[in-house]
Amino acid sequence: MTASLAPPHLFSIMLARVQAAAAAVLGPQAALTRIVVEPPRDASHGDMATNAAMVLAKDAGMKPRELADKLAAALAGDSLVEKVDVAGPGFINLTLKAHVWGDALRAVLEQGASYGRSNIGGGHRVNVEYVSANPTGPLHVGHGRGAVFGDALASLLACAGFAVTREYYINDAGAQVDVLARSAYLRYREARGETIGEIPEGLYPGDYLIECGQELASDYGDKLLELAEAEWLPIVRRRAIDMMMAEIRNDLAALRIVPDVFYSERSLIEGEEHDPFAPTHHDARFEATHPNAAVRPTDVVAATIADLRAMGHVYEGRLPPPKSGNLEDWEDREQTLFRSTEFGDDVDRPLLKSDGSYTYFATDIAYHKSKFDRGFTDMIDVWGADHGGYIKRMQAAVKAVSDGKATLDVKLVQLVRLLRAGEPVKMSKRAGSYVTLREVVDEVGRSAVRFDMLYRKNDAVLDFDLAKVIEASRDNPVFYVQYGHARGYSIFRTAKAELGDALPETPAARLALLKEAAVDRLTDPGELSILRKLALYPRLIEAAASAHEPHRVAFYLYELASEFHGQWSRGKDSSHLRFIIQDDRQLTLARLALVQGIVTVLASGLALLGVDAPDEMR
RNA sequence: GGCCCCGUAGCUCAGUUGGAUAGAGCGCGAGCCUUCUAAGCUUGAGGUCGCAGGUUCGAAUCCUGCCGGGGUCGCCA
């Protein structure tokens, strides 16, 4: 494992000490894992609060307050603890020694960009799959949300100590890509001089295939015109998919999203020689450990189904007709079914269509099995909300192919409503007239797109307003947080001008100086509040990573920026609270160290979200 | 009809994974620029956490049932 060990943070240290105290009072069998150490809702309660007495009271056969008193006595002598109070139903409120906050700030400056990293992932491998769109057209804004979410989640998990693989599943099999091929073929004929007129119903009308047709024309001349569809289709399809994937990769790159692995659905059926991105297809480290890989059959889906059948999870049977949709073509017949009900699904699921080809589900099972075979027992899929009905069967499949050893968490991202100044942007599905992800990124910028999409829980519908996200106001979170970062550097610039030699030129030298600052001079309530906020960051990262919720990072950054702006403005009213105090160099350096801590955490969090942290915004 | 998601201030949304008196922005009211970026800050009003039960020391959070909105239900991916 390459992850460097992150030092324990304040909250994990105190949790360990509270647990030790509980074990000392109640014995080692106490249910220590239920204990939480967190900042109290009301700062007047102290610096940290623990529920230890309340969660342990019943097992101990004591009243919560009574147990709290015992635990409080045990914690009173702790080297970090100034004061212990028991309050309410049995909370133990801890007031920490004054120096811990300065120590916490020093830790930020010492660790720099790595402050906030955690070991809770333990180097375990996690596979995060996201976007996974049909390569039949440009990505739209909805795809973008999945991509941004998946990418930020991957970064968050990496920050928390997981070994993350970012993966894109190319849906390059099935009927849709054949339609793509026929559409491209039409453009090819057009490029060879035919008048094609209106694009027929059922084909993709977008302009984006014109270039594909032209390339085919220049490469093949009239040769493809002479072939039967069965012959030209694979050729055109391959070319069209490759071009679309190149576009998609570009669009993702514009959002600074670069998946580690592109995995071709088609390769599962036809073998890997058809994989357009073979170099990243397999993880060589795990090939060797899986004997099957060496004799990998061409049709992996067939092999997967055979395996499941051997385990008794596949059978021939009948299904009740669907409850809705068009029942006209419903045909009651015996079919090949996966026994997903055995793993918690509502009904068993078909693996073959009536024409004998694989259902999407069948191929997806093989795909997820490949993840397991590549060493992943921890899988996360990011899907659009319209695929919610698919979760149970996929989780069932993962359990089946891994013999219960792997787990799949599916994160659904809700749809995006594109607005401009409150008015819906027309999203015609006809022609190429819908707004693409790329157009949005080009218009408002990567940072605005990413932050706005992350400043919302994944399962809540998102209103994305093209006018609002570039507004320079508090109403626009991405600006507000970036401005906080820029404001920090503005203070450095002013300090350099006002203090002259006192502040070194280079960031590294400045940092070295500020590490030595007398941070115990930071005693203003606003300053202490910011210090507490900074100390909370590592815990926030851990909680967000455990919950698979990157939006928590965005909200934390907003809150930190807000506290910073507030402290800055207090200096307007009370000059003794300004960051730069002309006649007190020591205090100034202490406050600059605080600013350094703030910009460090802001930059670190923004980087995690893939958002720029500018030094200046003019 | 089955399953999944959502329902918190007038509006848009958080809520530290069961904690103490439920928070922020916008909007509305009252204030702060000869001083580090006013692109900012301070402050007031505003709540039956959809409804009703249940679980327990304690529920916006967990369970059950309703109400409302969205999604989905073999041969799309």
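This passage describes the protein surface near RNA strand B and the surroundings of Gln482 in a predicted model.

The surroundings of RNA strand B comprise 74 residues, of which Phe91, Pro322, Tyr483, Ser490 and Trp568 come nearest. Of the atoms of RNA strand B that come within 4 Å of the protein, 56% belong to sugar and phosphate. By residue type, the surface near RNA strand B consists of 30 nonpolar, 19 polar and 25 charged residues.

Several elements of secondary structure contribute to this surface. At least two residues each are supplied by helix H2 (52-60), strand E4 (91-96), helix H6 (175-191), H17, helix H19 (525-547) and helix H20 (551-573). The largest share, 11 residues, comes from H20.

Polar atoms of the protein approach both the bases and the phosphates of the strand at the following positions. In the side chain of Arg333, an N or O atom is 3.0 Å from a base nitrogen of RNA strand B. A polar backbone atom of Phe579 is 3.4 Å from a base nitrogen of RNA strand B. At Arg474, a backbone N or O atom lies 2.5 Å from a phosphate oxygen of RNA strand B.

Helix H17, one of the elements that supply the surface near RNA strand B, spans residues 477-499 and includes Gln482. Gln482 has a relative accessible area of 10% and is therefore buried, the limit for this class being under 20%. Apart from neighbours within four places in sequence, the residues in contact with Gln482 are Ser447, Val611, Asp612, Pro614 and Met617.

Key:
Residues numbered from 1 in each chain as written. Chains lettered and ligands numbered in written order. Predicted model: local features only at pLDDT ≥ 70, side-chain atom pairs only at ≥ 80, totals over all residues. Heavy atoms only, no water. Helix = DSSP H or I, 4+ residues; strand = E, 2+ residues; numbered from the N terminus. Buried < 20%, exposed > 50% of the residue type's maximum accessible area, 1.4 Å probe, protein only. Contact = heavy atoms within 4.5 Å. Near = heavy atom within 4 Å. Polar contact = N/O pair within 3.5 Å; in protein donor to acceptor, adjacent residues only side chain to side chain. Nonpolar A, V, L, I, M, F, W, Y, C, P; charged D, E, K, R; others polar.
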